[in-house]
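Hi,

Here is the structure I promised to pass on. Have a look first, and my notes on what turned up follow below.

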Amino acid sequence: MSIIYHKETKVFHLHNDAVSYIMMVLPNGQMGHLYYGKKIHDREDFGDLLETAPRPMSSCTFEGNKAFSLEHIKQELPVYGTGDYRSPAVEVIQENGSRISDFQYHSHHVEAGKPELSGLPATYVEDSGEAETLVLNLYDSVTGIWAEVFYTIFSQRPVLTRSVRYINNGNRPVQLGRAMSLCLDLPDCAYDWVQFSGAWARERHVKTRRLTMGVQSVGSMRGNSSHEHNPFLILKRPDTGEQQGEALGFSFVYSGNFLMQAEVDAHDNTRVLVGIHPDTFAWHLEPEESFQTPEAVMVYTDSGLNHMSQTFHQLFQKRLARGYWRDRVRPILINNWEATYFDFTEDKLIHIAKKAKECGVELFVLDDGWFGARSNDFAGLGDWVVNTDRLANGITGLAERMEQTGMKFGLWFEPEMVNKDSDLYRSHPDWILQVPGRANTHGRNQYVLDFSRKEVVDCIFEMMAKILREAKVSYIKWDMNRSITECFSPAYGPKRQGEIFHRYILGVYDLYDRLTREFPRVLFESCASGGGRFDPGILYYAPQGWASDNSDAVERMKIQYGTSMCYPVSSMGSHVSVIPNHQMFRNTPLHTRANVAYFGTFGYELDLNKLTEEEIEEVKEQIAFMKEYRDLLQFGTFYRLKSPFEGNEMAWMAVSEDRKTAVVGWYRILNVVNDRFTRVKLQGLDENFCYENSRDGSRVYGDELMNLGLNTSDATAGQTPDDQVPCTDFESRIYILKAVERVEA
Ligand code: DGJ
């Protein structure tokens, strides 16, 4: 039993072997929060954890009682305006202008398993024994609004999820001004705040600062989860590292505007809020209508950041991603974008594909430019019909030729966008998001289709499905190359304009849903100018995403390292591209470009015909290596060992489930002359196994590799020994460790 209810004291205790989450019905009928953290023993009455004491100048609920003040009490669904001055979890705007509500406990039930969230991505279970869900029914009697708060605790994972459904059971309409998915009040603020931020081509860099009094937040109001901030947040104790210490991870299963906030009050309590960004949201609820928030996921660990990340990786890999590709190693692909940009013909593509096939590549992906009048970024978006001037045999013919070369075929789409120079726009100029009478902002010369409207999504679906029905397409890259502006839909009345951002994302999910249902074998890779929509919401539909438009090996170290804090290696699209690199103009060795890309889905983004014979031999070896180890790399246990944010070296590794094989990636940004001897302490090995090192044949026990470390020194010291290739900048190595014998402890 993982959910206990103490009837007398009205205490709820959700727990598994790792974590406890405790709350109770407060004397005012609302839900109070008592504890979240490492599992603790149950007891009948946890009321003392409320920590109420009379404080001068506090706003209090009961006359004559100076101790019960919402200002200080930890709560589950707090509102503003009745004593609590912190940011609230919900705001109900009523016809008389009042924003005050009072959600009181009415009843609850416990379900085995985990209910689906209609129309929204969410984690799931395959067997009802995997989780238990508590549904609290809270009621605001003045408005007649119900709040159903869903808490799911997984039995074998230190994972809790939460979402809320609001139902208008009253007889007057209301507006939800905010509807956060998660509210967690913590009793102290001794945390580091870790966010994953950046910009186009430098996404998800790890940024850490001390949590401090006041409000700190990250979010997006761009319509997508964004390059700038990721819907993932860690609060960790200052001494928590990769291998040890307490951390809380918060992830939001959503791809649109979000807010993640921590507010530290004057008494060092911390309120964490996660949800749809309230500044771009308002939802009108007529009587009998309901609104479901997306899901937030919480992970607690006392075993360090690697453990927290591994928990997210396993959850997202096995219980968020779905379908045919969920558990399958990903095809090694070649994408023509950086090889040709818009300048290609069918023969040119076949020429690239043939060389790739010769090297062992499995999938050819045709990127932007195959449709409509698309010869540059001014035209064609929205016309998902092949341009036969360029591809005379159509997509069907090209896909057929690719299959004949022995390759699978994949295709790029940008379903949500339109150029004004397109047949779609000319027929439906009213189908874009736009404010009547006002100018429209463009991004990359394109405009955003109004995906809040079913007829728009229907039309795009039909165009895409026609191609997928006719041609042998095994993979789709779904791009999204601008943020949303002028988010107004002429199809909705004034009361509903605050809903458009969310309705838009629901339209995106609907299109994904229809396509993945009809074409379950097609592998979807999400993309938004690289990593602008790399979030758990999209992972539900597309098990991998193009992590960044930046394919430079050095930049990718930081991007993939930061991304790995939450997302599994199997989700990170990563390719080897040309030098000088197209984003950084940097030259890195071919082996380093591959050594970084191995820790991802792996592919090439160049014309292999332009490589030397020697390089082609190296590429063949890379592909053979990836085919042998991709299962381990993509689905093994991943450990970060050395951070590129903290020095000149980076290291990470993946370990097989039986711990008999490990692949270690070691990377050094700039060469160091006459350096010290260097070692990297490994993780996750069996201390009693003796491992053979693929680089030098040495045999060392797991305990030594984990406690003393793997020797990564090179002996050049500014000179080149006769028997060694000299190292230079951007050096990297892959070490394969295989267990050869086991001793008893
Ligand atoms: C942005 C993507 O991130 C690139 O990989 C490429 O697909 C271009 N769009 C095509 O326009």
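Asn28 sits in the loop that runs between β3 (19-25) and β4 (31-38). Keep in mind that this is a predicted model. Asn28 is buried, with a relative accessible area of 11%. A polar atom of its side chain lies 2.9 Å from the backbone nitrogen of Gln30. Leaving aside residues up to four places away in sequence, Asn28 touches Thr61, Phe62, Phe68, Leu70 and Gln104.

Another loop residue to look at is Ser489, between β26 (475-478) and α7 (500-518). Ser489 is buried too, with a relative accessible area of 0%. Its side chain makes a polar contact of 2.5 Å with the side chain of Asp450. Asp450 is also among the residues that Ser489 touches, along with Ser452, Arg453, Gln497 and Ile500, again not counting residues up to four places away in sequence.

Now the overall layout. The protein chain is split into domain 1 (3-319), domain 2 (333-414 + 454-482 + 509-632) and domain 3 (649-742). I spent most of my time on how domain 2 and domain 3 meet. Their C-alpha centres are 32 Å apart, and 18 residues of domain 2 are in contact with 21 residues of domain 3. Together the two bury about 1,600 Å², with 77% of that on carbon and sulfur atoms. On the domain 2 side, Met557, Phe599 and Leu632 lose the most area to domain 3, and together they make up 41% of what that side buries.

What about polar links across that boundary? There are 6 residue pairs in polar contact between domain 2 and domain 3, counting pairs with both residues at pLDDT 80 or more. The elements giving two or more residues to the domain 2 side are α9 (553-563), α10 (590-597) and α11 (613-635). By type, the residues on that side divide into 10 nonpolar, 6 polar and 2 charged. The count of salt bridges between domain 2 and domain 3 is 1. Glu628 and Lys738 meet through their side chains in a salt bridge, at 4.0 Å from N to O.

On to salt bridges in general: the whole structure has 57. Here are a few that I looked at:

- Lys620 pairs with Glu358, their closest N and O atoms being 3.8 Å apart. This pair links distant parts of the chain, with Lys620 in helix α11 and Glu358 in helix α3 (residues 346-359), 262 residues apart. Lys620 is partly exposed at 26% relative accessibility, and Glu358 is partly exposed at 45%.
- Asp686 pairs with Arg742, and here the closest N and O atoms are 3.1 Å apart. Asp686 lies in the loop between β35 (679-680) and β36 (689-693), and Arg742 in strand β39 (residues 731-742), so the pair ties together parts that are 56 residues apart in sequence. Asp686 is buried at 8% relative accessibility, while Arg742 is partly exposed at 41%.
- Arg326 and Asp327 meet through their side chains at 3.0 Å, N to O. Arg326 is buried, with a relative accessible area of 10%, whereas Asp327 is partly exposed at 39%. Both belong to a network of salt bridges with shared partners, which also takes in Glu126, Glu130, Lys318 and Arg319.

Last, some backbone details. Which peptide bond is cis, with omega near -10°? That would be the one from Ile579 to Pro580. Pro580 is in the loop between β30 (575-577) and α10.

Two residues that are not glycine have a positive phi. Glu51 has a phi of about 55° and is found in the loop between β4 and β5 (90-93). Phe602 has a phi near 70° and is in the loop between α10 and β31 (603-605). Is each of these buried or exposed? Glu51 is exposed, with a relative accessible area of 52%; because exposed means over 50% here, Glu51 falls in that class. Phe602, on the other hand, is buried, with a relative accessible area of 0%.

Cheers

Key: Residues numbered from 1 in each chain as written. Heavy atoms only, no water. Domains from an automatic or database assignment. Contact = heavy atoms within 4.5 Å. Buried area = accessible area lost by both parts, 1.4 Å probe. Polar contact = N/O pair within 3.5 Å; in protein donor to acceptor, adjacent residues only side chain to side chain. Helix = DSSP H or I, 4+ residues; strand = E, 2+ residues; numbered from the N terminus. Nonpolar A, V, L, I, M, F, W, Y, C, P; charged D, E, K, R; others polar. Buried < 20%, exposed > 50% of the residue type's maximum accessible area, 1.4 Å probe, protein only.
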